[in-house]
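Visitor: I am new to this structure, and I would like a close look at one part of it. Please take me carefully through the empty space inside the model and the elements around it.

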Amino acid sequence: MVSLGCPKNLVDSERILTKLRSDGYAMSPDYQGADVVLVNTCGFLDSAKEESLEAIGEAIAENGRVIVTGCMGKEAEVIRARFPNVLAVTGAHQYEEVVGAVHEAAPMPPSPFVNLVPDAGLKLTPRHYSYLKISEGCNHRCAFCIIPSLRGDLVSRRPDAILREAEKLVEAGTKELLVISQDTSAYGVDIRKEPRMWKGQEVVPHMTDLARELGKIAPWVRLHYVYPYPHVDQVIPLMAEGLILPYLDIPFQHASRNVLRAMRRPANEAKVLERLKGWREICPDIAIRSTFVVGFPGETEEDFQYLLDWLDEAQLDRVGAFRFEPVEGASANALPDPVPEEVKEERYARVMEKTAAISAAKLQAKIGRTLEVIVDEVGEEGGATGRSQADAPEIDGEVFLRDAGHLAQGDIVRVEIEDADEHDLYGVPLA
């Protein structure tokens, strides 16, 4: 299995592998030992599509028997034009079609023995953290995005099914649940009148209710991809209580009203600043992560400077930025006044410099504090690497520990912070 793209794709890969394992298939660690190769593609940006095509090409060169699935499956004709020998092409979260294609390409010989699959299913992440997908699709129609055309409108999972999966993951060793979807704060709007029974009580399909119940199951619960609806305010007290992590991943995308309107995003940046202030009053340790697009069509120097000034005031903890890239099928491609590539590069460099300085100052302020850290890896020479509650795996910073040889992966320990740089912390575990 070659799995590309976002954590939502990773969850799809895990589900496919779990079904195949239950059917008796085993995973090969390399191309040469495989009867068939699955490539789960990403199709969000042209650069991601090219990476997916390169992965398909490598799999064909190394093995020859390739099944393609994922978001780029919507462009089967493009894939087949470049690689006419692929065995099958399916779209995103079409699990049964993928499994059927594997059965056809590499039929299982009759056998009375089948490998047992753990209750939590097969995972592609370390044992101590797991992605928990709560819905598929998205109801928004942002000008730069084609996700609805790839994955459809919002379809929420039943809350009892989500909680049952979370319970199984924790029983199998998960310490941190990372809640993901295209729009986590929209969870349940399509099934809002369908509460389900869980542990003898009704659970309403709503982000706040779901977060509260997840907080009773796992030591750490982290919310990703949260659209800033007003009801997001309701989860902040859960963070202050320690029920879920004081962390919100909110893709604001920009601050200029002109650009936000062109993006078809909410354009009340002043209200957002007020809410950030209110959240920090309720939960002072809350970490806000966001992403921004620079060089969107029509973005002026005034718009960009407004974004920089807004970031100064917002003081976000973690920020990622992307240069605008036209995506086939996105309405933004037809907008006037495209920003030249050299201007995009210059603005990208400026926003990253700004946010790195903010991050460095925030991390410096943590020196001398004691923080909870989850251990991701223990080295051979007494060191270890972990993450604080403000750090999601793969995308945020890390905490590097000394005198930590006695720890194990997945341990949650108290750490005294001794030093910091622009992105990471350094410390020692307390006895």
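**The enclosed spaces and their surroundings**

Guide: The lining of the largest cavity, sorted by class, has two nonpolar, no polar and four charged residues, and it should be said at once that this is a predicted model. Those lining residues are Asp317, Arg318, Lys362, Leu363, Lys366 and Ala390, and the cavity they enclose has a volume of about 40 Å³. The count of cavities of 30 Å³ or more comes to two, and the second largest has a volume of about 30 Å³.

The second largest cavity is lined by Asp12, Ile16, Asn40, Thr69, Gly70, Gly91, Ala92, His93, Gln94, Tyr95 and Val98. The elements that contribute two or more residues to this lining are H1, strand S3 (66-70) and H4. By class the lining of the second largest cavity has six polar residues, four nonpolar and one charged, whereas the lining of the largest cavity has four charged residues and no polar ones.

Two of the elements around the second largest cavity also pack against each other. Two packed helices are described by the angle between their axes and the distance between the axes. Helix H1 (residues 7-22) and helix H4 (residues 95-105) have axes that come within 10 Å and cross at roughly 45°, and they are therefore oblique to each other. The crossing in which H1 passes H4 is right-handed. On the side of H1 the contact is made by Asp12, Arg15, Ile16, Lys19 and Leu20, which meet Tyr95, Glu96, Val98, Val99 and Val102 in H4. Taken by class, the residues of this contact are six nonpolar, no polar and four charged. Asp12, Ile16, Tyr95 and Val98 take part in the contact, and these four residues are also among those that line the second largest cavity.

H1 has a part in an open space as well, namely the second largest pocket, where it gives the most to the lining, with three residues. This pocket has a volume of about 490 Å³ and is lined by 24 residues, of which Ala26, Met27, Ser28, Ala34 and Val36 lie nearest its centre. Besides H1, strand S2 (37-41) gives two or more residues to the lining of the pocket. The lining of the second largest pocket divides into 19 nonpolar, two polar and three charged residues.

To return to the largest cavity, Lys362 and Leu363 are among its lining residues, and helix H12 (residues 341-364) is also one half of a helix pair. H11 and H12 pack at an angle of about 10°, with their axes 10 Å apart, and that makes H11 roughly parallel to H12. Their contact joins Glu301, Phe304, Gln305, Leu307, Leu308, Leu311 and Asp312 of H11 to Arg347, Arg350, Val351, Lys354, Thr355 and Ile358 of H12. By class the contact of H11 with H12 has six nonpolar, two polar and five charged residues.

One backbone detail also belongs to this region. Most residues other than glycine have a negative phi, and most peptide bonds are trans. Glutamine 315, which lies in the loop between helix H11 (301-314) and strand S14 (318-323), has a phi near 50°, a positive value in a residue other than glycine.

How values were computed. Residues are numbered from 1 along each chain as its sequence is written. This is a predicted model: local features need pLDDT of at least 70, side-chain atom pairs count only at pLDDT 80 or more; totals for chains, interfaces and linings use all residues. Side-chain values use heavy atoms; hydrogens and water are left out. Axes are lines fitted to C-alpha atoms, for helices over the stretch in contact, and angles run from 0 to 180 degrees between N-to-C directions. Helices (H or I, at least four residues) and strands (E, at least two) are DSSP runs, numbered from the N terminus. Angles under 35 degrees count as roughly parallel, over 145 as roughly antiparallel, 65 to 115 as roughly perpendicular and the rest as oblique. A crossing is left-handed if the near helix is turned anticlockwise from the far one by less than a right angle, and right-handed if clockwise. Contact means heavy atoms within 4.5 Å. Ala, Val, Leu, Ile, Met, Phe, Trp, Tyr, Cys and Pro count as nonpolar, Asp, Glu, Lys and Arg as charged, and the others, Gly among them, as polar. On a 1 Å grid over the protein atoms alone, a cavity is a set of points where a 1.4 Å probe fits but cannot get out, and a pocket is an open set with protein on both sides within 12 Å along at least five of seven lines; lining residues have an atom within 4 Å of a point. Grid points are joined across faces, edges and corners, and a volume is the space filled by probe spheres set on the points.
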